[in-house]
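User: Hi! I have a model open and would like to understand the labels attached to it. Could you take me through the reasoning behind them?

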Amino acid sequence: MRTPVIAGNWKLFKTIGEATALVNELKPLVARTRNVEIVVAPVFTALSRVFDAVAGSNINLAAQNCYWEEEGAFTGEVAPKLLKDAGCSHVIIGHSERRQYFGESDATVNRKAKAAIAAGLTAIVCVGETLAERESEKTFSIIESQIESGLEGLSAEVLANVIIAYEPVWAIGTGKTASDEQAQEVHSFIRHLLARLFGQAAADAVRILYGGSVKPDNVKGLMAKPDIDGALVGGASLKAESFAAIVNFGL
Ligand code: PGA
């Protein structure tokens, strides 16, 4: 009943020319895909041109970050409404690389998520534990505080505009994916937590994506788990063929 989401996070890769070439290659490979929400997240400078390239296709556009103010003297920032203006329907918020290198916290994630939703974007809110946290058995308490603080003040209705991405930091870009069972365990924990915070119906409707070294050969096993509703894909989204194979996991 939940439409799966397969989102490609292109991180700091690809010029405008490379980004448009990638979606032009991707389009025919996913043109017949039904019942999967397909999202690509290029760098800011490529958004508008990639939007032109995906117009009329089943590929949606995301930004990798946003600021929470609409406008003002905030040099270097990009407002959610400007992302809408560039053609985005989604925005990734609180990716672990932003938390690690750019000082993002659950508090900034919360402000960004609220601003993004207010601007009409779907917020892909990322959570996940580090290796040290997993090894010291803090996974669930970390996820709990990231979700509670990150989504604080949102209503059950607004949760329809939120997608959660569970990305264990130790699995990102390492080739070391969580096992299907490890991922499902955390996804189920997240859904129970969402039910406690927002009610069962709202929790049942939320898509919870797994991220961290998702590849064509491990996506099927992950997607077979009841609480895994899609994937946030880094490395394997940079080539049309491997991303399309992930998008078409069900074929
Ligand atoms: P990866 O990245 O697929 O390269 O591990 C995932 C992510 O960072 O979203």
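User: Why is Asn-9 called buried or exposed, whichever applies?

Analyst: Asn-9 has a relative accessibility of 5%. Buried means under 20% relative accessible area, exposed means over 50%, and partly exposed lies in between, with a 1.4 Å probe and protein chains only. Because 5% is under the 20% limit, Asn-9 counts as buried. One thing to keep in mind: this is a predicted model, where local features need pLDDT of at least 70, side-chain atom pairs count only at pLDDT 80 or more, and totals for chains, interfaces and linings use all residues. Residues are numbered from 1 along each chain as its sequence is written, and side-chain values use heavy atoms, with hydrogens and water left out.

User: Where does Asn-9 lie?

Analyst: Asn-9 is in strand β1, residues 5–9. Strands are DSSP runs of E with at least two residues, helices are runs of H or I with at least four, and both are numbered from the N terminus.

User: What makes the pair Asn-9 and His-95 a polar contact?

Analyst: The side chains of Asn-9 and His-95 are joined at 3.5 Å. A polar contact is a pair of N or O atoms within 3.5 Å; within protein, one must be able to donate a hydrogen and the other to accept it, and residues adjacent in sequence count only if both atoms are side-chain atoms. The value of 3.5 Å is therefore still within the limit. The side chain of Asn-9 also reaches the backbone nitrogen of Lys-11, at 3.0 Å.

User: Which residues come nearest to the ligand?

Analyst: The ligand has 13 residues around it, and Lys-11, His-95, Glu-167, Gly-173 and Ser-213 come nearest. A residue is near a molecule if one of its heavy atoms lies within 4 Å of it. This shell divides into four nonpolar, seven polar and two charged residues. Here Ala, Val, Leu, Ile, Met, Phe, Trp, Tyr, Cys and Pro count as nonpolar, Asp, Glu, Lys and Arg as charged, and the others, Gly among them, as polar.

User: What backbone atoms lie by the ligand's oxygen atoms?

Analyst: A backbone N or O atom of Gly-173 lies 2.6 Å from a ligand oxygen. For a polar backbone atom of Ser-213, the distance to a ligand oxygen is 2.7 Å, and for one of Gly-235 it is 2.8 Å. Taken alone, the ligand exposes 280 Å², and the protein buries 97% of that.

User: Why is Lys-14 called partly exposed?

Analyst: The relative accessible area of Lys-14 is 26%. That value falls between the two limits, so Lys-14 is partly exposed. Lys-14 is in the loop between β1 and α1 (16–30), and its phi is near 85°, a positive value in a residue other than glycine. Thr-15 has its place in that loop between β1 and α1 too, and at 45% relative accessibility Thr-15 also counts as partly exposed.

User: How do you know whether Glu-137 is buried or exposed?

Analyst: Glu-137 has a relative accessible area of 74%. Because this is over the upper limit, Glu-137 is exposed. The loop between α6 (131–135) and α7 (139–150) holds Glu-137, whose phi is near 60°, a positive value in a residue other than glycine.

User: And what makes Ala-183 buried?

Analyst: Ala-183 has a relative accessible area of 0%, so Ala-183 falls under the lower limit and is buried. Ala-183 lies in helix α8, residues 180–198.

Technical notes: Accessible areas come from the Shrake-Rupley method with a 1.4 Å probe; for residues, only the protein chains shown count as cover.
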